[in-house]
Structure formats: C-alpha cells, structure tokens
Amino acid sequence: MSDEAYARYFVDRERAERDLSRAASNPKVAEIHTELADHYEALALVFGAKQAADPPL
C-alpha cells in the first residue's frame, strides 16, 4: 500500500472511531473509541494526510 493509501485509511479510521465514540452510550467505551481515534489521527499526521493544529496562544 502506498503512503497516500495509508494516509487515507488512517483518516477514515479516525472519523469512524470518532463517530463510534459519539454514539457510545457507555462513557468508558466512548473513551476507548476516542483514544483509538487519537492514535489514528497521529498516524494520519505521520503519513501527511493531516497537518498539526497550531497550539493555542
């Protein structure tokens, strides 16, 4: 798989995990999905699909 394909995959997985987090009725399950989404987001950053947000001033 190319870096571009990996990047797209990680972005898609991040979105799916965030959706699952919002839909979860159990707070612990929501927290787990959020953690997974954060990991996928970090991988999307590494593969160039996203840019890091500027830190707040």
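Is Arg-8 buried, partly exposed or exposed, and what is the relative accessible area of Arg-8? In this predicted model, Arg-8 is partly exposed, with a relative accessible area of 43%; buried denotes under 20% relative accessible area, exposed over 50%, and partly exposed the range in between, as evaluated with a 1.4 Å probe and protein chains only. Arg-8 belongs to helix H1, and its C-alpha atom lies 6.7 Å from that of Ala-49, although 41 residues separate the two in sequence.

Because the model is predicted, local features require pLDDT of at least 70 and side-chain atom pairs pLDDT 80 or more, whereas totals for chains, interfaces and linings draw on all residues. Residues are numbered from 1 along each chain as its sequence is written, and side-chain values rest on heavy atoms, with hydrogens and water left out.

The chain contains 2 helices and 0 strands, where helices (H or I, at least four residues) and strands (E, at least two) are DSSP runs numbered from the N terminus. Of the 57 residues in the chain, 19% are buried. The exposed area of the chain is about 4,400 Å², of which carbon and sulfur atoms supply 56%; accessible areas were computed by the Shrake-Rupley method with a 1.4 Å probe, and for residues only the protein chains shown count as cover. Contacts, defined as heavy atoms within 4.5 Å, were also examined by sequence separation: among those between residues at least 6 apart, 46% join residues at least 24 apart.

Helix H2 comprises 20 residues (27-46), for which a rise of 1.5 Å a residue predicts a span of 28 Å; the end C-alpha atoms are 29 Å apart, in agreement with this value. The expected span is 1.5 Å times one less than the number of residues. Ala-30, His-33, Ala-37, Tyr-40 and Ala-44 are buried in H2. Viewed down the axis of H2, its buried residues fall within an arc of 85° and therefore line one face of the helix, the arc being that of the directions from the helix axis to the C-beta atoms. Pro-27 and Val-46, on the other side of H2, are exposed. The cover over the buried residues of H2 includes helix H1 (3-23). At the N-terminal end, H2 is capped by Asn-26, a side-chain oxygen of which lies 2.7 Å from the backbone nitrogen of Lys-28. Just after H2, Gly-48 adopts a positive phi of about 80°.

One residue of H1 that contacts H2 is Glu-17. Glu-17 lies in helix H1 and, at 5% relative accessibility, counts as buried. Excluding residues up to four places away in sequence, Glu-17 touches His-33, Leu-36, Ala-37 and Tyr-40.

The structure holds 6 aromatic pairs, a pair being rings of Phe, Tyr and Trp (its six-membered ring) with centres within 6.5 Å; planes under 30 degrees apart are classed as stacked, over 60 as edge-to-face and the rest as tilted. The rings of Tyr-9 and Phe-10 are edge-to-face, since their centres are 5.5 Å apart and their planes stand at 65°. Tyr-9 is partly exposed at 39% relative accessibility, whereas Phe-10 is buried at 10%. Tyr-9 also pairs edge-to-face with Tyr-40, with ring centres 6.4 Å apart and planes at 85°. As Tyr-9 lies in helix H1 and Tyr-40 in helix H2, this pair ties together parts 31 residues apart in sequence. Tyr-40 is buried, with a relative accessible area of 18%. Tyr-6, Tyr-9, Phe-10, Tyr-40 and Phe-47 form one aromatic cluster.

Key:
Polar contact = N/O pair within 3.5 Å; in protein donor to acceptor, adjacent residues only side chain to side chain.
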